[in-house]
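Hi,

Here's the structure I promised to pass on. Have a look at it first, and then read on for what turned up.

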Amino acid sequence: MQLSEKSQAFVLHFGEMGSRWGFNRTVGQILALLVINKEPLHAEQIMQQLGISRGNVSMGLKELQSWRLVKLSHQAGQRREFFTAAGSIWDMARTVFEERSKREVDPTLSLLRSNLLDEPENEADQFTQQKMEEIHDLLELITQWSYALNTMNPDKLQSLMKMGSGISRILELKDKIVGNKGSAAS
């Protein structure tokens with residue numbers, strides 16, 4: 001089966017985006033192909049539809065499995081392994097976020113925590129440690145916030161996201177009210 005022009009454009013674009021999400025172009029294209037197919041695909045089908053080598057397909061599928069973004073299945077009477085996208089788009093977005101956090105944020109936080117345990121030896125070390133503490137605190141805050149978002153069900157998360165700039169307007173209003181009360185009290 002040949003990809004339609006729209007499907008092909010989506011797969012190619014998704015491949016380019018994949019490199020921004022932490023995996024290479026081919027892996028992104030494989031994931032996109034699996035996302036837009038109702039039926040599970042085997043490696044040969046992926047190879048034919050994307051025009052890539054068997055080795056690239058094999059390595060790409062292994063990488064997607066390590067990211068927990070594809071599911072492996074077998075079909076009766078078939079020796080081949082079949083692959084599908086692992087869950088809904090929301091599930092996959094959560095998984096990408098969790099995996100990136102494990103691979104990037106967690107090691108950074110560990111390094112920062114370790115470095116912050118040491119006493120600074122001079123003024124330059126003290127300044128460096130202060131900046132590392134600021135980075136640590138920011139990453140901790142982001143991690144806590146993202147964990148809260150990641151545990152929300154997709155409907156609530158989608159509602160929160162749709163609120164968008166409305167939340168910032170509410171916070172600005174709160175600041176004006178609190179600010180005005182503080183000014184009146186002075």
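A quick word on terms before we start: helices here are DSSP runs of H or I with at least four residues, numbered from the N terminus. Also keep in mind that this is a predicted model.

With that in hand, S114 sits in helix α5, which covers residues 89-117. S114 counts as partly exposed because its relative accessibility is 41%. If you go from S114 to R100, you cross 14 residues in sequence and 21 Å in space, C-alpha to C-alpha.

Now for the inside. The largest nonpolar core is made up of 25 residues, and I30, L31, L34, I46 and L69 have the most contacts within it. At least two residues of this core come from each of α1 (5-21), α2 (25-36), α3 (43-50), α4 (54-66), β3 (81-85) and α5. The largest share belongs to α2, with 6 residues. As background, nonpolar side chains in soluble globular proteins tend to be buried together.

The surface has a couple of patches to look at, too. One is negatively charged and brings together D118, E119, E121 and D125. Of these, D125 belongs to helix α6, residues 123-151, and is partly exposed, with 33% relative accessible area.

The other patch is nonpolar: M163, I167 and L171 together have about 270 Å² of accessible area. M163 is part of helix α7, residues 154-163, and at 49% relative accessibility M163 counts as partly exposed. Why not simply "exposed"? Because that word is kept for values over 50%.

Cheers

Key
Residues numbered from 1 in each chain as written. Predicted model: local features only at pLDDT ≥ 70, side-chain atom pairs only at ≥ 80, totals over all residues. Heavy atoms only, no water. Patch = residues over 30% accessible without salt bridge, like charges linked within 9 Å, V, L, I, M, F, W, Y side chains within 5 Å. Areas by Shrake-Rupley, 256 points an atom, 1.4 Å probe, with all protein chains shown as cover. Salt bridge = Lys/Arg side-chain N within 4 Å of Asp/Glu carboxyl O. Lys, Arg positive; Asp, Glu negative; His and termini not counted. Charge placed at Lys NZ, Arg CZ, Asp CG, Glu CD. Buried < 20%, exposed > 50% of the residue type's maximum accessible area, 1.4 Å probe, protein only. Core = buried A, V, L, I, M, F, W, Y, C linked by side-chain atoms within 4.5 Å.
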